[in-house]
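Work through the following exercises with the sequence and the structure side by side, and try each task before you read its solution.

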Amino acid sequence: MLFNFREKLNSRKFLVTAEVSPPKGTRFSASLEDASQLKGIADALNVTDNQCSIMHMSSLAFRSK
């Protein structure tokens, strides 16, 4: 059974989150493919911003449809 994140928070059960790094350039298909491997494992993903002070794609731009 699938729940959205808010429902899981309200359930007061243990949640699993994962951190994902956006790509350095504008090609993000490989990064999305890597992140998709967490489906069913992580309840939410955090896309880091300005990781290690190295320019990456904006976290807001890195999202799937």
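**Exercise 1.** Find out which residues S31 is in contact with, leaving aside its neighbours within four places in sequence, and decide whether S31 is buried or exposed.

*Solution.* Begin by locating the residue in this predicted model: S31 has its place in helix α2, which covers residues 29-36. Next, leave aside the neighbours within four places in sequence, and the contacts that remain for S31 are S21, P23 and F62. Finally, take the relative accessible area of S31, which is 14%; because buried means under 20%, S31 counts as buried.

**Exercise 2.** Describe the order of helices and strands along the chain, and then work out how β1 and β2 pair.

*Solution.* Reading along the sequence, you meet the pattern α-β-α-β, which agrees with a count of two helices and two strands. Now turn to the strands: β1 (17-20) pairs with β2, residues 44-47, in the parallel sense, and the pairing runs over four bridges. One of the residues to look for is T17, whose bridge partner in β2 is A44. As a last step, add the helix to the picture, since β1, helix α2 and β2 together make a right-handed β-α-β unit.

**Exercise 3.** Locate the one salt bridge of the structure and state which parts of the chain the pair links.

*Solution.* Start from a general idea: side chains of opposite charge can pair when their charged atoms come close. In this structure the side chains that meet in a salt bridge are those of K8 and D43, at 2.3 Å from N to O. The pair links distant parts of the chain, for K8 is in helix α1 while D43 is in the loop between α2 and β2, 35 residues apart. Then check the exposure of each partner: K8 has a relative accessible area of 23% and is partly exposed, and D43, at 24% relative accessibility, counts as partly exposed too.

**Exercise 4.** Examine R12 and determine where R12 is found, what its phi is, and whether R12 counts as buried or exposed.

*Solution.* First place the residue: R12 is found in the loop between α1 (5-11) and β1 (17-20). Then read its backbone angle, for phi of R12 is near 65°, a positive value in a residue other than glycine. Last, consider accessibility: R12 reaches 79%, and because exposed means over 50%, R12 counts as exposed. For the chain as a whole, 20% of the 65 residues count as buried.

How values were computed: Residues are numbered from 1 along each chain as its sequence is written. This is a predicted model: local features need pLDDT of at least 70, side-chain atom pairs count only at pLDDT 80 or more; totals for chains, interfaces and linings use all residues. Side-chain values use heavy atoms; hydrogens and water are left out. Buried means under 20% relative accessible area, exposed over 50%, partly exposed in between (1.4 Å probe, protein chains only). Two strands pair if DSSP finds at least two bridges between them. A crossover is right-handed if, with the strands pointing away from the viewer, the path from the first strand over the helix to the second runs clockwise. Contact means heavy atoms within 4.5 Å. A salt bridge is a side-chain nitrogen of Lys or Arg within 4 Å of a carboxyl oxygen of Asp or Glu.
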